[in-house]
Amino acid sequence: MIQQNGGMDTPTVRQKAAITVGRDVWHTEALPALGIRSIELADGPHGLRQQAAGDGDNLGIGDSVPATCFPPAAGLASSWNPELVERIGRALGDECRVAGVDVLLGPGVNIKRSPLCGRNFEYFSEDPLLSGRLGAAWVHGIQSRGVGASVKHFAANNQETARMTVSADVDEATLRELYLPAFEHIVTTEHPRTVMCSYNRVNGIPAAEHHWLLTDVLRTEWGFTGAVVSDWGAVEHRAAALAAGTDLEMPGPQPGSVDDVVAAVERGDLPEGVLDATVARLAALAAHPASPLDSFDADAHHALARDAAAESIVLLRNEGGILPLDPARPVAVIGEFARTPRYQGAGSSQVVPTRLDNTLDAIRAIAPTEFAGGDDPGEAVALAARSETAILFVGLPPEDESEGYDRTHLDLPAAQLELISAVAAANPRTIVVLSNGGVVTLEPWHDSVPAIVEGWLLGQAGGGAVAELLFGLREPRGRLAESIPFRLQDTPAFLNFPGANDHVLYGERIFVGYRYYETVGVAVRYPFGHGLSYTTFDYGDLVASRTAARVTVTNTGARPGREVVQVYVSAPDASRPRRELRGFATLDLDPGESRTVDIPLDARSFAHWDDDGWAEIPGDHRVEIGRSSHDIVLTGVVRIRGPRRKPLTLDSRLSDFLDNPVIGPILRAASSGAVEGGTNLLDMVASVPLSRLARFPGAGRQLSRLGLLLPVANNRVIRFFAALLAPRRAKLRTT
Ligand code: BGC
């Protein structure tokens, strides 16, 4: 019922509530009284999955219109190339414009906490800086075409097991430093039209109802002005979700949800102003349709998918320079993956490709080729034995990794392990090419083959890209965006994944991926950032400052190639990760060419999250240039001046007083000689809070005098003005 108000149509609470719930699986409700049209959302992220009207499902089962299947994020991230990702974003935007889709549901920027997560193929990296930079490029590309992005899944959605009910139990520093920064970077730099809240709970509160996440952090701190969309089916209590900041519940229709919102407003539990703010955000989302496009250039997009696949491949091992192969020499190609590629993962992101290349055909077009599928190992082994070189394609079968469930191990299937062993024994020139979305271990066969190519899932044009790389028609340019461990037991979340009884404890805190391996000294097969080229690079002239690392890189080999220059910072604090990625740059260099790059660093590069917010860590930070997180080639030092101190109170420990530059020396002088049985008395009681020390007979009166020195020690005037300037931050609520 529309009420008349001075000639303007004023929608009722029910009409407003109705547009906060989807009209169907992929569309929003219109509200003509406010000029709000219905918009269409579709999956993402590595291609458009637009389903025909009435065919709606979000499980990847129904058919969708053909669209270019670009490499899923696990592959694409290995490019470390935001410019490439942005180009893909633009292409996706154009395909959405042709299809009339307003919002594409991506990118997925959740951190790969464990290599077991069934959806790791859809996520970029174990590192938040890399995830954020690539995600931002994706958003920039698609939104430059007028199509909205939906950054997902916000937040701490790092497993599929019990994904709709599990609570990620995670402390605030870990969230701030590891699980939120990719979202934060994208939101603050690219202003995505929407953010998708996740299914899981965070510290007991469903993400869709998490006011701290969706309002305090996302909107108030980061300045997000877009709309929060629920993951499909994530909303349990519509009014509570709306109050927390979830603007749009998908899918619809959900009449019960509309009733819930109306009742909450009528009861006074939900201020109508909150509903109006949501309506305003949905109105803004619908206000700017992308300009329609008649068609997209499928050939050009396929070529882009091929370039992207080529940049996503990581050359892990190349003993004796066996690669690249000589196109004039015959090869044996073994393994069904060469003929029937696995090029994307299962679930909501599954795309119907416009075409599909396979590697076998592409190799046949380059070099004399014989093929054996590998189902009959005898035939494959015989072929390998009589050939000069065997290229063996193995990987994870589709059912091993998918949205909806996690893996339980990191191994290739037993039959494939047997095939590798037999082929490698028959031919010492065996090259293994892998197809997998999540990381697999390379054990126990790694040392038995001279070359290993990590081919991830490469999208519809991956086949040609692999062939070109093997024969040197393309240079290997990828670098690992995640570590490859020796064993599942070595991985940092091993004891806490996937949790039990609907709780998963993020007990390893920020020590995820290389942050863990490098700190604890756990060896991995290949470290984060690793990737070989067909050429070699030298580094020199590092100049490190608070704002940048400048370094000169020279291609010292005979072929052109790409180096990914990685900048890590190592903080002077034993409780911190051994090193953290703080910047990177990709450089394409011809033989003999040298280039100097400045890789920006910012205050966060030298900071951590403490109770009061971001704080720089005083002392000498090592700024390290690495070929990977483990292979550091140059080191500089940046000094951050302190002190970073919390104000002293009577509840501070005696050690805090001893550390204080004003009070510490006075205390030590006054207690000099207070030694009992060879032990310094002050050190013995250093961990006791002053207020409790004062309860000990004898110590009380003298120590309470320290309280008189507190104003001096805390330098209150300076602290007062500093506090005025510091941004206000909300604290994470836990249950
Ligand atoms: C997935 C989302 C997806 C949505 C719509 C959900 O099951 O978690 O990533 O965008 O479905 O298909």
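**Notes on the ligand site and the cores**

1. Starting with the ligand: one of its oxygen atoms sits 2.9 Å from a side-chain N or O atom of Lys 152, which counts as a polar contact (a pair of N or O atoms within 3.5 Å). Bear in mind that this is a predicted model, where local features need pLDDT of at least 70, side-chain atom pairs count only at pLDDT 80 or more, and totals for chains, interfaces and linings use all residues. Residues are numbered from 1 along each chain as its sequence is written, and side-chain values use heavy atoms, with hydrogens and water left out.

2. Two arginines also reach ligand oxygens. For Arg 119 the distance from a polar side-chain atom is 2.7 Å; for Arg 163 it is 3.3 Å. The protein covers 100% of the 310 Å² of accessible area that the ligand has on its own (Shrake-Rupley method, 1.4 Å probe).

3. Around the ligand there are 15 residues, of which Asp 43, Arg 119, His 153, Tyr 199 and Asp 231 come nearest (near: a heavy atom within 4 Å). The shell splits into 7 charged, 5 nonpolar and 3 polar residues, with Asp, Glu, Lys and Arg counted as charged and Gly as polar.

4. On to the largest nonpolar core (buried Ala, Val, Leu, Ile, Met, Phe, Trp, Tyr and Cys joined through side-chain atoms within 4.5 Å); buried is under 20% relative accessible area with a 1.4 Å probe, protein chains only. Among its 77 residues, Phe 154 and Leu 180 touch the most other members.

5. Beyond its neighbours within four places in sequence, Phe 154 has contacts (heavy atoms within 4.5 Å) that include Leu 180, Phe 183, Met 196 and Trp 222. A second, separate core has 59 residues, among them Val 433 and Val 466.

Definitions and conventions. Buried < 20%, exposed > 50% of the residue type's maximum accessible area, 1.4 Å probe, protein only. Polar contact = N/O pair within 3.5 Å; in protein donor to acceptor, adjacent residues only side chain to side chain.
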